[in-house]
Amino acid sequence: MFKQLTKRYLTILFFGCFACVVFKSEVVGISNLPAKPVYQQNNSPYQPASTKLHDLIHTKLEVKFDWDTQQLHGIATIQVKPHFYPQKQLLLDARDLIIHSVVLLTNEEKKEAAYTYNNQQINIDLDRLYTKEDAILVEINYTTQSNQQGAKDSFKLGSNQGLCFIHARGTGPNKLQQIWTQGEPNTNSYWFPTIDSPNQRCTQETYITVQDNFKTLSNGTLVYTTLNDDQTRTDYWRMDLPHAPYLFMLAVGEFAEIQDDWNEIPVTYYVEPAYEKQALTIFKHTTEMLDFFSDKLDYPYPWPKYSQVIVRDYMVGAMENTTAVVLTENIQGDDRALLDNIDREEIIAHELFHHWFGNLVTCESWGQLTLNEAFATLGSHLWYGHKHGSYERDRLILKSIEHYLKEAQLRQVSVIRDHYISPIEMFDSHSYHKGALILHMLKTYLGEEAFLQSLSQYLKKYAFSSTDIHQLRKVFEEVSGQDLNWFFNQWFLAPGHPILQTEHTYANDKLVLKVWQKQSAPSPIYRLPVAVDVWVKGVKERHHITIDKPYQEFSWSVSQRPELVYIDRNSLLVAELKHPQTTTQAYRYLYSHYEDFFAKYEVINYFNTAKIDRFDYEDFFKEVLEDDSYWMFKIMAIEAFEGYHQQGKYHTIIENILTDLTIQDAHSWVREAAINTLSSLPNPDSYLDVYEKSLADSSYRVASAALYAYGMYSNEEQGSIKDTILLSFEEYEDIHMITSLAKYYTHIKKTDKYEWLKKKTTDFYTHLGYESLLTYLVDYVCVIGNLAQQEETFVLLEHILKEEKMVRIRSAAYHALQRMPKTKAVKKLLADIKED
Ligand SMILES: [Zn+2]
């Protein structure tokens with residue numbers, strides 16, 4: 001019933017201002033064939049940029065909160081003007097608000113305005129016809145719906161409700177009282193009336209009244225703070241630069257606030273008080289990123305401050321609210337957890353880069369979302385390349401390739417699209433990853449200098465406005481002097497990607513490369529400028545070709561049969577490439593003659609997946625391990641030796657290498673993989689001293705791998721020192737530690753651990769990444785077979801499925817429920833959910 005978790009699982013917190021993706025590391029190889037994807041029909045509604053009847057100019061919000069009913073009481077004063085045509089009415093988005101009054105403010109005079117409200121929009125009658133030279137000022141007094149209403153809607157939306165009260169009652173374990181908002185794509189109108197479209201922007205003032213123990217955060221700078229007579233405090237935040245309504249935010253909580261500084265612009269980090277000491281580590285490099293991006297874009301960070309706040313129960317990875325980024329709680333952790341969290345900077349860089357691409361220049365409609373998200377994804381790639389080198393950058397690029405190809409197996413749409421049902425659909429791997437990969441290919445095609453200069457020019461030209469893809473293209477064309485319609489059309493405006501089949505022949509001193517484009521309509525026939533390397537007598541000759549037909553041949557004179565014909569992947573990031581003639585020998589050649597990440601990865605991945613006998617390529621993988629290679633390649637090689645048999649040619653050598661790695665490797669994920677593979681070898685109990693040593697490793701991942709192996713293979717008697725050691729790990733709150741113990745206790749059917757596991761589960765399953773505890777609890781009670789415990793677990797799952805707001809947790813509970821014995825009650829609940 002249990003699969004031993006010897007494979008490494010990558011939990012990738014996907015910043016992506018929306019997607020939280022968990023995926024397994026055994027990747028969709030670059031060359032794997034997708035199943036038949038679904039091409040999206042254009043029968044979804046047309047969703048153009050919103051018509052601008054009015055332009056927002058300024059928004060003033062005065063808000064206070066009722067924790068008991070989880071409501072916000074607000075006064076919104078909104079200044080607009082007709083965009084072009086004279087208007088007699090003003091239409092504002094206001095979702096599920098309780099409207100108390102709408103007042104028109106004219107010449108210091110207040111006039112009640114007539115209005116209609118349909119729970120989505122307020123239509124206000126103006127007192128006369130207003131022209132584009134006029135300013136219109138309205139004041140709306142309102143209250144948000146109590147949380148129940150919001151919760152229902154969030155269930156439907158699957159992601160958010162605009163305004164969230166976290167743990168409003170303030171009692172219970174592991175919870176902190178917080179309020180935070182999430183506005184993208186169009187949910188800020190759940191907590192204030194506005195024109196909730198990305199092609200609007202305005203300046204902003206926010207007065208937030210809270211009990212004095214809370215800190216507040218909003219966009220712009222904190223101008224002053226006033227203590228009120230009723231023990232509350234009002235913080236006044238002001239943002240003098242215009243930004244889009246979906247970027248408005250507020251957060252309230254008992255945060256620890258840590259000041260950093262960058263070029264006299266305040267940089268602040270808000271974390272839970274327990275992590276105050278770690279804040280500077282969590283947000284390490286933020287100021288260096290500000291330098292790097294300002295410099296790279298030749299456009300200094302344009303906003304008056306930069307804050308990042310970590311909140312509880314946040315449903316997405318992070319959100320780039322202007323000057324006040326919200327991040328999910330699992331990027332904070334104690335010192336040991338931070339060692340393992342290798343991609344924290346990816347999120348931080350992504351949200352920061354949005355402050356140019358997204359916040360300064362904004363996509364004009366959600367169909368153009370890639371103008372925000374492809375760039376933000378690219379931003380983290382650029383940062384990793386700068387700070388950590390090309391392999392770390394390319395690892396992130398590979399992750400983008402995998403994300404896109406995985407999604408492309410199910411559906412292929414154009415990156416820019418006007419037809420969709422809900423804007424939430426746009427927050428997919430096409431907008432983020434395919435978009436970013438296209439930008440990389442454009443960078444390769446135009447050269448880095450032209451590419452960066454185009455970005456800079458685009459920002460300067462369109463600062464504080466919204467754009468579509470053609471405006472971006474025009475800037476690239478102006479800078480490079482080239483027509484780029486073909487490039488933008490095939491990559492951004494058409495679905496799919498190239499599927500190339502290649503073959504080469506050699507005869508009479510001539511090499512012929514045949515290339516077929518195998519993708520089918522509606523994917524276009526692509527124009528692909530690529531480099532082909534031909535290796536003869538150990539010397540590489542690089543040829544630049546353009547593939548632009550369904551079938552083509554390219555030929556070159558060569559003095560003998562080449563050792564290798566290799567198409568460079570760097571200009572073909574979004575493609576599947578099949579070159580069946582590449583032999584084992586050619587792959588070995590490729591590995592030893594290229595330093596390029598993608599070339600190396602392709603070889604290791606090939607040997608990992610192509611082997612017939614698991615250990616056909618033991619020589620190769622041993623070489624990779626001895627090479628002192630890149631950590632990710634090392635892990636792939638370590639995993640290749642899982643279950644390596646005693647008769648293996650290098651058994652002793654591999655044992656020694658793995659043992660050394662568990663102690664000496666600088667990367668905790670490598671040490672973890674080494675322990676997992678050691679414990680998969682034929683005599684796992686002979687490495688007990690290794691496991692015991694690693695129990696004290698500074699990394700939780702390593703210690704928990706060691707813990708499981710130690711539990712499984714130490715033969716000491718019950719009640720011995722072994723039990724004492726295991727018991728001492730029960731206190732930990734780290735997910736790796738908890739699941740290692742849970743798996744072990746389940747495996748050996750240890751009957752007295754139910755209370756411990758139940759407590760861990762109920763305390764922590766709402767934490768991001770901890771929802772899997774529900775599954776471990778179910779597996780445990782099933783194996784132990786105690787009916788009362790099973791019943792109690794069922795009640796917990798039922799409660800979550802009926803009451804829990806967060807989709808990921810309901811989804812985890814559903815999957816856990818499916819593993820329960822199929823009693824009447826379980827069957828009924830499963831059926832009810834299906835119907836729902
Ligand atoms: Zn983003």
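The following exchange concerns selected helices, strands and buried residues of a predicted model.

Colleague: Why are helices H3 and H5 called oblique to each other?

Modeller: The axes of helix H3 (residues 286–296) and helix H5 (residues 344–353) cross at roughly 45° and come within 10 Å. Angles under 35 degrees count as roughly parallel, and 65 to 115 as roughly perpendicular. The angle between H3 and H5 belongs to neither class, and the pair is therefore oblique. The crossing of H3 past H5 is right-handed.

Colleague: Which residues make the contact between H3 and H5?

Modeller: H3 contributes Thr-286, Met-289, Leu-290 and Phe-293, while H5 contributes Glu-345, Ile-348, Ala-349, Leu-352 and Phe-353. By class, this contact holds 7 nonpolar, 1 polar and 1 charged residues.

Colleague: Why is Ser-668 called buried?

Modeller: Its relative accessible area is 5%. Buried means under 20%, and Ser-668 is therefore buried. Ser-668 is found in helix H17 (residues 668–678). Leaving aside residues up to four places away in sequence, Ser-668 touches Leu-339, Asp-340, Ser-699 and Val-702.

Colleague: What makes Val-558 buried, and where does Val-558 lie?

Modeller: Val-558 lies in the loop between strand S31 (551–557) and strand S32 (564–567). With a relative accessible area of 11%, set against the limit of under 20%, Val-558 is therefore counted as buried. Residues up to four places away in sequence not being counted, Val-558 touches Tyr-506, Asp-509, Lys-510, Leu-511, Val-534 and Val-536. The C-alpha atoms of Val-558 and Asn-508 are separated by 8.8 Å, and these two residues are 50 residues apart along the chain.

Colleague: Why does Arg-312 count as buried?

Modeller: The relative accessibility of Arg-312 is 9%. Since the term applies under 20%, Arg-312 is therefore buried. Arg-312 is placed in the loop between strand S21 (306–311) and strand S22 (318–319). Between the C-alpha atoms of Arg-312 and Gln-178 there are 7.5 Å, although 134 residues separate the two along the chain.

Colleague: What makes strand S11 mostly covered?

Modeller: Of the 9 residues in strand S11 (residues 136–144), 7 are buried.

Colleague: How do you know that S11 pairs with strand S5 and with strand S7?

Modeller: Two strands pair if at least two bridges are found between them. Strand S5 (residues 71–82) is joined to S11 by 8 bridges, and strand S7 (residues 97–106) pairs with S11 over 7 bridges. Both counts satisfy the criterion, and S11 therefore pairs with S5 and with S7. S5 and S11 run antiparallel, and the pairing of S7 with S11 is likewise in the antiparallel sense. Individual bridges can be named: Val-80 has Ile-136 in S11 as its partner, and Ile-99 has Tyr-142 in S11.

Colleague: Why are strands S6 and S9 called edge strands?

Modeller: They belong to an open sheet of 3 strands with the order S6-S10-S9 and antiparallel pairing. Strand S6 (87–93) and strand S9 (115–117) each pair on one side only, and are the edge strands. Neighbouring strands of this sheet are turned by 20° against each other on average, direction ignored.

Colleague: How do you know that S9 pairs with strand S10?

Modeller: S9 and strand S10 (residues 121–130) have 3 bridges between them, in the antiparallel sense. At least two are required, and S9 and S10 therefore count as paired. Tyr-117 stands opposite Ile-122 in S10.

Terms used:
Residues numbered from 1 in each chain as written. Predicted model: local features only at pLDDT ≥ 70, side-chain atom pairs only at ≥ 80, totals over all residues. Heavy atoms only, no water. Helix = DSSP H or I, 4+ residues; strand = E, 2+ residues; numbered from the N terminus. Axes fitted to C-alpha atoms, helices over the stretch in contact; angles between N-to-C directions. Parallel < 35°, antiparallel > 145°, perpendicular 65-115°, else oblique. Left-handed = near helix turned anticlockwise from the far one by under 90°. Contact = heavy atoms within 4.5 Å. Nonpolar A, V, L, I, M, F, W, Y, C, P; charged D, E, K, R; others polar. Buried < 20%, exposed > 50% of the residue type's maximum accessible area, 1.4 Å probe, protein only.
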